[in-house]
Structures are given as structure tokens and as C-alpha cells.
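Reader: I would like a close look at one part of this model, namely the surface where the two chains meet. Please take me through that contact with care, and then set beside it the contact between the domains within one chain.

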Amino acid sequence: MKVLVPVKRVVDYNVKVRVKSDQSGVDIANVKMSMNPFDEIAVEEATRLKESGAASEVIAVSCGVAQCQETLRTAMAIGADRGILVQTDAELQPLAVAKLLKEIAQKEQPQLIILGKQAIDDDANQTGQMLAALLGWSQATFASKIEMGDGIARVTREVDGGLETLELKLPAIVTTDLRLNEPRYVTLPNIMKAKKKQLDTFTPEDLGVDVNPRLKTVKVCEPPARSAGIKVPDVAALVDKLKNEAKVI
Amino acid sequence: MTILVIAEHDNVHLKAATLNVAAAAVQIGGEIHVLVAGFNAAGVATEAAKISGVSKVLVADSTALADGLAENVAEQVLALASSYSHILFAATASGKNVSPRVAARLDVAQISEIQAVDSADTFQRPIYAGNAIATVQSTDAIKVITVRTTGFDALAQDGSAVVESIEAVAAVGLSSFIGREVAKSDRPELAGARVVVSGGRGMGSLENFKILDPLADKFGAALGASRAAVDAGYAPNDWQVGQTGKIVAPQLYVAVGISGAIQHLAGMKDSKVIVAVNKDAEAPIFGVSDYGLVADLFTAVPEIVAAL
């Protein structure tokens, strides 16, 4: 069974981003970029499926600028067998990415596609579901546990108020939640080995996909700042402030 | 312009989130219909019909819709979609699960987690964990949207809409529901609570977390937790407040032993009043708190309980 794992290059989660002064977007020049944390969990899960014998090959795919190669090399250092880059400088929105991934999925015929539940830059939480819809496959989002069976996947999902378990017919789409696993640290020998792994490159034109953005970003601005608070000296002062100043109790 | 709001429910009761989504629909403007897709959910339809400003409630009743499977619910919405200009879901686990599936099949972009309506096609949504607010304009014929419930005040339930049964779609048969594990709680639901008391890694253990119980009892508050506390096993998953957990905006948010990582702040910085109790005077949480108390939580929390 082949497993396909889409990965996204995003601003590192530790970076506090700044909005550009012309309100055209967020300034991502010269900031540290990394693999989206949810995608790391997806690569780890696919690698574990391979190590357990449930999967035969893990293919990482990324869509975006040439530097996404680095993200793919990271995926290969974790355990992906090869990489596919759909290279474009165009702004890619989730629907466009889902369409690109659909074409790759139809070329590669995986039985399982594992994506992160959301990217920490656009916070959209759409691509996995959209890909499932375009392929007409089953989906289990926000997975905290995946068990593979004969022609099926049994997935436990994190939902509001608890957990639920679904059984999906393969081929299927799963998106990862934080608690699915703890991604391994990549080791230097594996980074070296990853450099030798196969990496194929396509363009959206090769795949026949129109990636024009459907949503126009009118502006991006800073969120309203909270007015500076105070530090209270002791508990009595705190309770007094809550009762008499904030009037919330 | 007619707007379809997808009701959030458990087949017994309408979830409060639906009232916030309907409020967003009112701001967009136009006739508002609510879809109740479920099984034996007549009670939900009755509650939905009372939402102020809603003119019609459509009820699709089928075992295929009993457990909210994305494949089936999406088909049900798609069967109606062509009559609507906007289709609104709550940005909850179930709304986020189904909505992009509908959007992709309609070949339209989905607009995620709107927190303000500028006009019928322009919306504001947070990006980068709430560190920036993007204003986006949709040119698609049907706008598929998820609504961040904390961005809109819930509508009253004083209306009387028409309830109409519609034909339910057949099960798609791609997935099946196996079981559910519901976390038990006597406290108010986190997302809708007036007061939230949250603990972080500073709580130290699952046992120590109980120190927050009497405080939450005094306030009638929901309990929350930071991701660090959840990952350490001090609190259950569904207590997590943050970018990757629940987004809350209560009247009062009490952060105990929480440093205030970006990912946590994204989930609570729209609270009206924020109180932080932390022994580290340099903790980032004090940058957003209205009232900060630099103290050891193990002495401060019981003192607060005693003083209330």
C-alpha cells in the first residue's frame, strides 16, 4: 500500500510574524521557515505505517516555491521514500492545492493520503476535506489514532466533547491532530541519506490545473491590541479589582 | 439572496453555536433558512425554528445522517446548495469537517473562521494564529463559510419559522460510525461559558489540577487548559484552549500557571477580562492580561477562593 503525504513549508511556529506596513500581507522575508507541525505528524504516521509493514512506500509531496524542496528533504529524512514537488511561484489557496494533489494522487494511486489538519499560516483547515471531495474518497479529519485493516482504516477522531471512531473504506483521506504521535527528530545520517532520494518536479501546467486564487485578499492588518493591564500586589487587590473595576464577579 | 445555515446538533438539542452562526447570517443580510440534517431530530428543528430572524427550517431525517458523517452530510447540503447565495457552518469540529467538502464539490473557495462581516462578499478572518487579520473578498457565486462563534453574539430564540421536511439523501457508504467516547462534565461547555478557568504546565500534575475545581465552582466556570498541560496529561484533550484547540471569548478568563505561548493566546485573547496568576513575572501572559498576579498558584488559588 502506498501512502501519500502532502507537506507545506510555513513560517516556523516559534516566529512572531509582523504585518507589512502597506497591509498587503505578512512579512515573511528572512524569517525562519519549517515544515508545518501537523504535516510532520503526518509524515511520522506514514513512516510508522511503513515500519509496521502496513505501508510499502511513502511519498511526500509539496506545492509551492523551489525552496519547498527543503521541506521535502526533511520529510525524506523522517522516512518518506521519495518526494514530488509541484513548483510554482503563484499564491496557492487550499482549493488549488487540493486540485494539484488530486492529479498527483491519480498518477500515484495511493490507498491512503495523510495530511495535517491545518497549516499554521492560513489556518484554513480545508485541503484534506477538499481533496477527499474531489477524489470522491472517504475522510477522517482530526485523527488521534489510525489502525489499518483489510481494505479499511479505523480512525479515532478528536471532536468537540470527546472522541469518535470511524471506519473508512480505502482509499481514504486522513488529517492529523496533534495527539496522533510525537514526530521523531531527524538524525544527521538520515539527512544525508535523504539528499540521495528521488525528487520529481512538476508544474501546475504539467498537471493541467488552474491555480488562480479564488479569494482576493483585500488587506491584512494587526489585530486590535489589548490595552495594557496592571499587576496587582496581592489576592485581596485582585478580587477587589474584579468586583469593583471590571465588575465581572 | 438566501442564506443556508447548517444547524449544529446532537439529534436531541440544538447546539448554541448555531445561534452565533445565524447572527453572522443576519449581518450578511437576506432570507435565512436552517438545515437540520439528522435522525429523529424533530426536537432540534423545533428549537431551530425559534431562532430570531430565521424564516424556514428544513429537516432531513435519515439514519444516514444520524452520526454526522462528512460524506453523507455534505451530499445533503449539496442537494440544496444551488438555491442559496451563502452556506454557513459553525467553525466547530463538525462544521470544519463537512464545509470544505461542500465547497470543493461546488468548485468554490471556502472562507474559514470569519469573525466579522464587512459586506455580503467581504469578510474578516484571523491568520497566523490570530497574529494578523485578513480581509478577504470572494468572487464565487456561492459563498461557503465557517463562522468563528466567538465573533458574533448569539441570536435570541423568540422567532417562529416554518418547519418543512425535505427528502434525505441516501448514504454514500464510504465510511461508517463505530463509536463515541464522550468526556463527562457537569460544568458549562467551554466554548459558551461566561467564565473560564484554565491551568497550564505550572499546575505540575493531574492531581494538582483539582486545585482549580473550587475556583471554577465559585465562578460557575468551565475548566480549560493550555496545550502544554494537555500534552503532559494533566487535563483531557477537549479542555484545550488555543489555535489547535477551542477558541473562547468569555467575560472572564483566568489563566493559572500558563506562560502564554502564541498558540494559547490565539484561543483566548478576545476574552473581555483576562486574569493571569503566574510566579514568573516575565511570562508573556502578563502582556495580555488586564490583571496580573505574580504569585505561587498553590497559595494564591486557595486565597482567591477564600476571598470570593
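Author: What follows describes the contact between the chains and then the one between the domains of chain B.

The model is a predicted one, and residue pairs in polar contact are counted here with both residues at pLDDT 80 or more. The contact between the chains takes 73 residues from chain A and 81 residues from chain B, and the area buried between them is about 6500 Å², with carbon and sulfur atoms giving 55% of it. On the side of chain A, the three residues A:R214, A:L215 and A:R226 supply 11% of the area that this chain buries against chain B, which is more than any other three residues supply.

One of these residues, A:L215, also takes part in strand pairing, for its bridge partner in β8(B) is B:S138. The strands concerned are β12(A), which covers residues 215-221, and β8 of chain B, residues 132-138, and they pair in the antiparallel sense over 6 bridges.

Turning to polar interactions, the count between chain A and chain B is 45 residue pairs in polar contact, and the count of salt bridges is 6. One salt bridge joins B:D231 to A:R179, where the closest N and O atoms are 3.8 Å apart. The elements that give two or more residues to the side of chain A that touches chain B include the helices α3 (94-108), α4 (127-135) and α7 (235-245), and among the strands there are β7 (138-148), β8 (152-159) and β9 (162-169) of chain A. The largest share of that side, 8 residues, comes from β9(A). By class, the residues with which chain A touches chain B divide into 36 nonpolar, 13 polar and 24 charged.

Within chain B, the domain assignment gives domain 1 (2-166) and domain 2 (190-307), whose C-alpha centres lie 31 Å apart. Here 6 residues of domain 1 are in contact with 7 residues of domain 2, and the area buried between these domains is about 610 Å², of which carbon and sulfur atoms give 52%. In domain 1, the residues B:A129, B:R148 and B:T150 lose the most area to domain 2, together 70% of what that side buries. Between the two domains of chain B the count is 0 salt bridges, while 1 residue pair is found in polar contact across their interface. The side of domain 1 that touches domain 2 has 1 nonpolar, 3 polar and 2 charged residues.

Note on methods. Residues are numbered from 1 along each chain as its sequence is written. Chains are lettered from A and ligands numbered from 1 in the order in which they are written. This is a predicted model: local features need pLDDT of at least 70, side-chain atom pairs count only at pLDDT 80 or more; totals for chains, interfaces and linings use all residues. Side-chain values use heavy atoms; hydrogens and water are left out. Domain bounds come from an automatic or database domain assignment. Contact means heavy atoms within 4.5 Å. Buried area is the accessible area (1.4 Å probe) that two parts lose on being put together, summed over both. A salt bridge is a side-chain nitrogen of Lys or Arg within 4 Å of a carboxyl oxygen of Asp or Glu. A polar contact is a pair of N or O atoms within 3.5 Å; within protein, one must be able to donate a hydrogen and the other to accept it, and residues adjacent in sequence count only if both atoms are side-chain atoms. Ala, Val, Leu, Ile, Met, Phe, Trp, Tyr, Cys and Pro count as nonpolar, Asp, Glu, Lys and Arg as charged, and the others, Gly among them, as polar. Helices (H or I, at least four residues) and strands (E, at least two) are DSSP runs, numbered from the N terminus. Two strands pair if DSSP finds at least two bridges between them.
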